[in-house]
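Okay, everyone, let's get going. I'll put the sequence and structure up, and then walk you through the parts I found worth talking about.

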Amino acid sequence: MSQISLPRVQHIVASGIIAAVGMWVAWVSYTQQPAEAFLFPRLISTVFVVLALWTFVKAILGWTKVGNGVSRKDFVWLLPGLTIALVYIFWAAKALGFYTAGTITFFLLLSFYDPAPHDEAKTWVKRVIITAGFLAVMYGLFALLLKVYTPREIFF
Amino acid sequence: MEFLYYFGDVFTPISFGLLLLGTIGGLILGATPGLSPTMAVALLIPFTFHLTPVQGLILLGAAYTSTVAGGAVSAILLKIPGAPANIATTLDGHTMAKQGKGAQALQLSFLASAVGGVIGVLLLIFLTPVLAQWALAFGPSHLFWLAILGVTVIGSLDSASVVKGLLSGCIGLWLATIGFDDIMGAQRFIFHPALGGGINIIAALIGLFAIPQVLTMFAKGRKAANAEVIEVEKHSIMDAVRELLRRPRALSIGTITGSVIGLIPGVGGQIAGLVAYDQTKKFSPERDKFGKGHSEGVIAAESANNAMVGPSLVPLLTLSIPGSPTAAVLLGGLLIHGIFPGTDLFDNHPDVAWTFINSMLIGQVLMCIFGLYVAGLAARVAQVPQSVMAAVVLGLAVFGSYSVQSSMGDVYVMAALGVMMYFLERFGFSAAPLVLGLILGPIAEANFIQGSMIAGATDGMASYFLTGTLNIVLIAIVIASIAYSVWMELRSRRYTSKEEIMG
């Protein structure tokens with residue numbers, strides 16, 4: 001049996017998930033009450049399911065022509081940034097306060113993805129200065145100019 | 001000539017200050033690779049929340065106009081188009097810069113952008129009220145089909161795959177139904193408390209346009225700063241004006257092509273620039289010079305992509321159908337200020353509509369003036385490393401989506417939709433039809449329900465929604481746009497496979 005390429009497997013999984021969501025939406029739309037509230041969802045979910053199944057079948061047959069999926073290399077680089085961003089958004093922003101969490105996240109992302117050498121004190125000083133600049137701009141924009149009261153918790 | 005009455009409103013200190021801010025900021029944002037005009041406008045929307053509707057729209061309109069033009073700076077000096085609309089500019093603009101004519105290329109691009117842009121906005125001024133009057137005849141069934149047309153046209157024309165484009169539109173329409181329905185007050189698809197109030201449009205726009213860009217920058221890893229900036233030489237602006245006047249063919253083809261393409265919903269600046277470039281080349285006796293640093297290439301591409309901006313707002317302001325993804329984001333900006341574009345915009349809010357349009361006209365002139373002077377600075381900003389850009393955009397996305405309603409739920413929705421969109425984009429789905437579905441979904445549903453009630457009291461659903469000249473015309477356009485896109489997709493695949501066979 002010939003080996004299936006990684007993008008093809010990814011297309012099958014991705015379109016399978018979308019088809020499953022489409023079928024769930026259709027099932028909810030056709031079973032929930034009051035029926036009047038689900039009239040429009042019924043209409044769109046029907047089209048949704050047809051298109052999603054068509055995409056899924058094409059992915060299984062290997063006919064998908066558009067989209068390259070996520071390569072291993074891309075995923076390896078993406079994962080640390082995505083993890084830091086998700087921890088920031090779903091935990092740190094509220095638990096530590098927007099400014100504290102935002103500053104830590106900014107510094108971590110900058111340090112990880114900065115192409116400048118990581119073994120020179122000068123580059124680290126530069127990163128700290130850029131981070132402090134970011135904090136100052138965000139505080140100036142949102143707290144002082146727009147008067148948005150964000151969760152502040154620890155320091156701000 | 002009603003628009004002349006509202007010209008003075010653009011020159012109030014705050015409005016004019018915002019126009020200047022949006023223009024200069026837009027030029028810098030546009031020149032920054034990785035920041036598309038759509039994303040720049042989406043990130044700016046939370047700031048407009050604290051302004052009046054007119055001021056907010058002036059800021060967004062100025063940013064829209066100048067980000068498109070600013071993209072030429074990095075296209076010419078770095079060979080990196082600031083936005084897809086500037087791809088055609090790269091072909092001759094960067095070659096000119098390498099030949100030591102960078103300043104001339106930049107001056108020509110801003111002058112051509114201004115000419116194209118002003119004519120585009122004049123079209124917007126004169127076409128919009130006519131279409132708005134015509135649109136007054138629309139009933140619920142027509143408005144339902146118009147909303148569906150908006151989603152399907154963008155879904156089919158803006159995507160590499162018609163089926164995936166339409167599927168994106170369906171996902172957007174479904175997302176628009178999350179929350180409590182307007183008539184029965186019933187809960188629909190609320191599987192997390194953050195979705196209780198439905199999906200906030202602004203949080204969704206930020207998530208769908210900004211987060212995939214951030215994740216794309218992460219996936220590129222530790223890329224060094226962008227390509228080396230080519231130093232610009234001194235060049236007289238008057239010489240550039242004379243050169244522009246010597247090229248009326250390129251300027252007129254670019255402007256006409258851009259204006260016509262702008263009127264067609266779903267066909268963006270990228271197509272306008274490339275088609276204008278191609279047509280100018282075909283009509284030019286000097287076609288051999290194209291791609292080798294010919295000024296006609298820059299003039300055609302830049303006049304086209306800015307001429308597209310004004311007309312792309314005609315279907316938005318008259319029929320609520322955005323002509324481009326950025327226009328879709330502008331629609332979100334209008335809706336959060338309680339302004340529904342369409343049939344009664346010019347009757348109920350003439351001050352908002354005309355001041356906004358007038359500001360775009362003045363914005364084109366300001367864009368040209370500042371563009372000629374800040375181009376060098378903008379090119380330096382374009383060299384900011386991707387690591388800094390990604391972290392800044394993430395920070396702005398989180399703070400911006402929170403600031404709309406002071407709700408963590410909006411931040412969660414923004415993040416979830418953004419991550420989902422990144423992966424969907426990797427599999428050939430695009431954000432524009434999804435956003436259109438999300439924005440036009442409530443309009444489509446409200447008119448569908450209203451129409452079904454009328455149909456229940458008259459001849460039935462089929463008769464109400466599927467008969468009548470206007471319904472048939474709209475349905476025919478929906479079908480024709482899908483069929484055309486399918487044909488184009490099949491043709492391009494056949495062409496690609498033929499090229500593969502030929503090696």
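Before anything else, one cut-off, since I'll lean on it: a residue is called buried under 20% relative accessible area, exposed over 50%, and partly exposed in between. By that yardstick Arg246(B), at 57% relative accessibility, counts as exposed. And please keep in mind that this is a predicted model.

So let's stay with Arg246(B) for a moment. Who is its partner? The side chain of Arg246(B) meets that of Glu243(B) in a salt bridge, with N to O at 2.7 Å. Now, is Glu243(B) buried or exposed? Glu243(B) sits at 7% relative accessibility, so it counts as buried. That pair isn't on its own, either: salt bridges with shared partners tie Glu243(B) and Arg246(B) into one network with Arg247(B), Arg249(B), Glu286(B), Lys289(B) and Glu296(B).

Let me set another pair from chain B beside that one. Asp239(B) and Arg242(B) form a salt bridge, and their closest N and O atoms are 2.8 Å apart. How are those two placed in the sequence? They're three residues apart in helix H9 of chain B, residues 237-245, which means about one helical turn separates them. On accessibility, Arg242(B) comes out partly exposed, with a relative accessible area of 45%. Asp239(B) is partly exposed as well, with 36%.

For the bookkeepers in the room, the rule counts 11 salt bridges over all chains.

One of them is in chain A, between Asp114(A) and Arg127(A), whose side chains meet at 2.8 Å, N to O. This pair links distant parts of the chain: Asp114(A) is in the loop between H4 and H5 of chain A, while Arg127(A) is in helix H5, 13 residues apart. And where do the two sit in terms of burial? Asp114(A) has 11% relative accessibility, so it counts as buried. Arg127(A) is buried too, with a relative accessible area of 1%.

That brings us to chain A as a whole. There are five helices in it and zero strands, and the pattern along the sequence reads α-α-α-α-α. Here's something the modellers may like: the radius of gyration is 23 Å, well over the 15 Å that the globule rule gives for 156 residues, so chain A is more spread out than a compact globule. Along its principal axes, the C-alpha trace spans about 55 × 50 × 20 Å. Of the 156 residues, 43% count as buried. As for contacts inside chain A, take the ones between residues at least 6 apart in sequence: 60% of them join residues at least 24 apart.

Next up, the interface. How many residues does each chain bring to the contact? Chain A puts in 64 residues and chain B puts in 61. The area buried between the two is about 5,700 Å², and carbon and sulfur atoms give 83% of that. On the chain A side, Phe40(A), Val66(A) and Ile89(A) lose the most area to chain B, together 11% of what that side buries.

What about charged and polar pairs across it? The rule finds one salt bridge between chain A and chain B. That's Asp74(A) with Arg426(B), the closest N and O atoms being 3.3 Å apart. There are also two residue pairs in polar contact across the interface, both at pLDDT 80 or more. Which elements of chain A are involved? Helices H1, H2, H3, H4 and H5 of chain A each give two or more residues to the side that touches chain B. H3(A) gives the most, with 12 residues. By class, that side has 47 nonpolar, 12 polar and five charged residues.

Last stop: a serine in chain B. Ser401(B) lies in helix H17, residues 386-405. At 0% relative accessibility, Ser401(B) counts as buried. So what does its side chain find in there? A polar atom of the Ser401(B) side chain lies 2.7 Å from the backbone oxygen of Ala397(B). The side chain also reaches the backbone oxygen of Val398(B), at 3.3 Å. Leaving out residues up to four places away in sequence, Ser401(B) touches Ala203(B), Ile206(B), Leu396(B), Asp410(B), Val411(B) and Met414(B).

That's my tour. Over to you for questions.

Note on methods. Residues numbered from 1 in each chain as written. Chains lettered and ligands numbered in written order. Predicted model: local features only at pLDDT ≥ 70, side-chain atom pairs only at ≥ 80, totals over all residues. Heavy atoms only, no water. Contact = heavy atoms within 4.5 Å. Buried area = accessible area lost by both parts, 1.4 Å probe. Salt bridge = Lys/Arg side-chain N within 4 Å of Asp/Glu carboxyl O. Polar contact = N/O pair within 3.5 Å; in protein donor to acceptor, adjacent residues only side chain to side chain. Helix = DSSP H or I, 4+ residues; strand = E, 2+ residues; numbered from the N terminus. Nonpolar A, V, L, I, M, F, W, Y, C, P; charged D, E, K, R; others polar. Rg over C-alpha atoms; globule rule 2.2 N^0.38 Å. Buried < 20%, exposed > 50% of the residue type's maximum accessible area, 1.4 Å probe, protein only.
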